[in-house]
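The paragraphs below lead through a structure step by step, from burial and cores to the packing of helices and the pairing of strands. Please keep the sequence and the coordinates in view while reading.

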Amino acid sequence: MDVLFNNLDLFGPFFLRTIELFVLSAVGSLIWGTILAMLRVSPVPVFRAVGTAYVTIARNTPLTLVFAFFVFAYPLLDIVKVDYFPAAVIALTVYTSAFICEVVRSGINTVPVGQAEAGRALGLTFAQILGQVVLPQALRSVVPPLISTLIALLKNTTIAAGFSVAEAGAIRSYLSERGENQLVGLLWVALGFIILVAVLSFVQRSLEKRWSVAR
Amino acid sequence: MRIRTLAVGLLVGGLTMTTMTACGKEGTPATPGSGDQSGSNAAAALTYPVATGVDLAGSPVFAKMKSAGALTVGAKDDQPGLGQKDPTTGKFGGFDIEIAKLVSAGLGFDPEKITFRTVDSGAREQTIANGDVNYYVGTYSITDKRKALVSFAGPYFIAGQDLLVRKDDTSITGKDTLKGKKVCSVTGSTPIQKVRSENLTEPGNIVEFQKYSQCVEKLLSKDVDAVTTDDAILKGYAAQDPDNLKVVGQTFSTEKYGIGLNKDDKVLRDKVNEILQKALDDGTWQKIYDATLGKSGSQAKKPTLEKY
């Protein structure tokens with residue numbers, strides 16, 4: 001208990017930073033990942049190629065390298081200066097959206113072809129079919145893998161500690177320099193993550209209940 | 001040009017982040033002289049007479065060394081002039097490394113038999129307590145809180161927190177001129193915690209990376225304005241690139257480097273203190289300093305041992 005209460009000045013703000021990092025990159029990756037999925041199923045070959053290339057590159061690059069690129073290499077290009085926190089959000093979004101894209105795409109595949117054909121018969125455009133018929137059904141069927149990807153994202157935020165974002169992943173180094181018991185400190189950090197993941201699991205369960213598709 | 005700087009940046013970023021360094025297998029063995037800046041070549045001339053007939057009754061760690069016939073010593077591998085691993089030869093060199101060898105010789109073990117193990121700051125107490133290393137020499141400051149977990153022999157060196165800045169920067173002259181400047185150090189390290197708690201600069205201007213070399217890289221590319229930690233470490237970097245970097249020279253803390261030992265092994269601690277005292281008295285300590293850190297041109301401050 002002492003390790004937690006003596007160092008509340010670390011645990012409080014650092015976990016808050018983790019949550020900020022998570023929420024911003026989760027929103028970012030959900031939006032960007034869905035756009036990528038739309039690219040990958042679009043009838044235009046160039047769009048499909050771009051989507052496939054993006055997913056292949058982003059999904060096969062270790063996240064630490066993505067971070068290293070945005071923190072050490074990107075500034076040398078002298079385009080727009082990005083601070084470390086936004087850089088972390090961008091890195092996490094770039095990486096996670098590739099996984100979100102594939103989850104959404106698998107959801108699109110679960111929607112019967114007849115749905116799209118019916119839409120076309122009614123005279124809807126491709127964008128309308130996708131946005132109003134296919135995607136809403138697709139997202140409903142992929143809630144569990146979507147939340148799993150977000151849980152992975154939550155844990156991946158700890159990598160930002162090595163790139164100048166003071167979040168939960170940095171707590172251990174601070175405790176070590178303060179001469180606190182690191183093992184106990186790590187247990188508290190683990191407990192913090194368990195609580196955050198529990199919240200996400202609760203969201204998953206309630207969404208599953210509300211959105212369950214009867215087939 | 002842009003492409004080239006980008007490639008260099010990628011390389012530096014990628015290489016410095018990996019904590020596991022490639023084990024010295026790249027290319028052919030380097031020609032002598034390539035490792036000069038680490039001080040390992042000059043220091044290779046230093047030798048220490050190996051003591052004979054050393055027997056420390058009542059020291060469990062010494063008994064372990066004796067039965068193994070060899071030593072494992074914890075050290076840092078990324079601090080020029082103090083403890084640095086030459087990537088081509090895999091050999092360690094620097095002030096701390098020489099102290100480790102001196103102690104080993106004083107305990108009756110040939111320094112050639114030492115296996116150096118890289119231990120990061122965060123893992124030091126646990127590694128010593130587990131017995132994974134026989135002792136630890138690596139910019140390890142003696143503090144009361146750490147004394148509760150490990151024992152210290154020494155101090156064998158006295159350093160102080162200081163600032164490394166670009167050579168042409170005259171606006172930073174000490175810790176009170178840091179307001180509005182970006183200050184970089186290692187994540188969670190004591191120096192950066194001090195900057196934060198004493199409000200030496202705004203919280204948004206504090207930058208933390210995993211290694212000092214990443215901070216130095218950012219200092220050279222003007223993304224940060226100062227790197228802060230012990231002057232001994234900073235002098236090592238300044239000595240590597242004297243055209244672009246300088247140490248401000250206004251220390252604002254006292255860091256006493258000690259040799260980390262297993263807690264409550266008083267017999268071994270007294271013996272190590274005796275070895276250090278002898279080296280301080282007979283000029284060996286000065287010779288080690290001149291061959292390593294002294295190359296940066298700064299003067300040595302001889303420490304006084306704390307025998308507790």
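A residue is called buried when its relative accessible area is under 20%, computed with a 1.4 Å probe on protein chains only. The model is a predicted one, and with that cut-off helix α9 of chain B, residues 231-240, comes out as mostly covered, since seven of its 10 residues are buried. The buried positions in α9(B) are D231(B), A232(B), I233(B), L234(B), G236(B), Y237(B) and A238(B).

Burial also leads to the nonpolar cores. The largest nonpolar core has 138 residues, and within this set F95(B), I99(B), L107(B), Y135(B), F157(B) and I259(B) touch the most other members. The helix that gives the most to this core is α5 of chain A, residues 84-110, with 13 residues. A second core, separate from that one, consists of eight residues, among them I128(B), Y140(B), I142(B) and V150(B).

Helix α5(A) also takes part in two helix packings. Two packed helices are described by the angle between their axes and the distance between the axes. Helix α2 of chain A, residues 8-41, packs with α5(A) at an angle of about 45°, and their axes are 5 Å apart; the two helices are therefore oblique to each other, and α2(A) passes α5(A) in a right-handed crossing. With helix α7 of chain A, residues 126-141, α5(A) packs at an angle of about 110°, the axes being 8 Å apart, which makes α5(A) roughly perpendicular to α7(A). Here, too, the crossing in which α5(A) passes α7(A) is right-handed.

For chain A there is also a record to set beside the model: the unreviewed UniProt entry annotates residues 14-39, 51-72, 84-101 and 183-203 as "transmembrane region". In the model, residues 51-72 of chain A are 91% helix and 0% strand, with the end C-alpha atoms 26 Å apart. Residues 183-203 of chain A are 100% helix and 0% strand, and the end C-alpha atoms of that span lie 31 Å apart.

Strand pairing can be followed in chain B, where three strands form an open sheet in the order β2-β3-β4, with antiparallel pairing. Its edge strands are β2 (78-79) and β4 (92-93) of chain B, each of which pairs on one side only. Strand β3 of chain B, residues 83-85, is joined to β4(B) by two bridges, and these two strands run antiparallel. At the level of single residues, Q84(B) stands opposite G93(B) in β4(B).

Key:
Residues are numbered from 1 along each chain as its sequence is written. Chains are lettered from A and ligands numbered from 1 in the order in which they are written. This is a predicted model: local features need pLDDT of at least 70, side-chain atom pairs count only at pLDDT 80 or more; totals for chains, interfaces and linings use all residues. Side-chain values use heavy atoms; hydrogens and water are left out. UniProt positions are given in the numbering used here, feature names are shortened, and annotations may be inferred rather than shown by experiment. Helices (H or I, at least four residues) and strands (E, at least two) are DSSP runs, numbered from the N terminus. Two strands pair if DSSP finds at least two bridges between them. A nonpolar core is a set of buried Ala, Val, Leu, Ile, Met, Phe, Trp, Tyr and Cys residues joined through side-chain atoms within 4.5 Å. Buried means under 20% relative accessible area, exposed over 50%, partly exposed in between (1.4 Å probe, protein chains only). Axes are lines fitted to C-alpha atoms, for helices over the stretch in contact, and angles run from 0 to 180 degrees between N-to-C directions. Angles under 35 degrees count as roughly parallel, over 145 as roughly antiparallel, 65 to 115 as roughly perpendicular and the rest as oblique. A crossing is left-handed if the near helix is turned anticlockwise from the far one by less than a right angle, and right-handed if clockwise.
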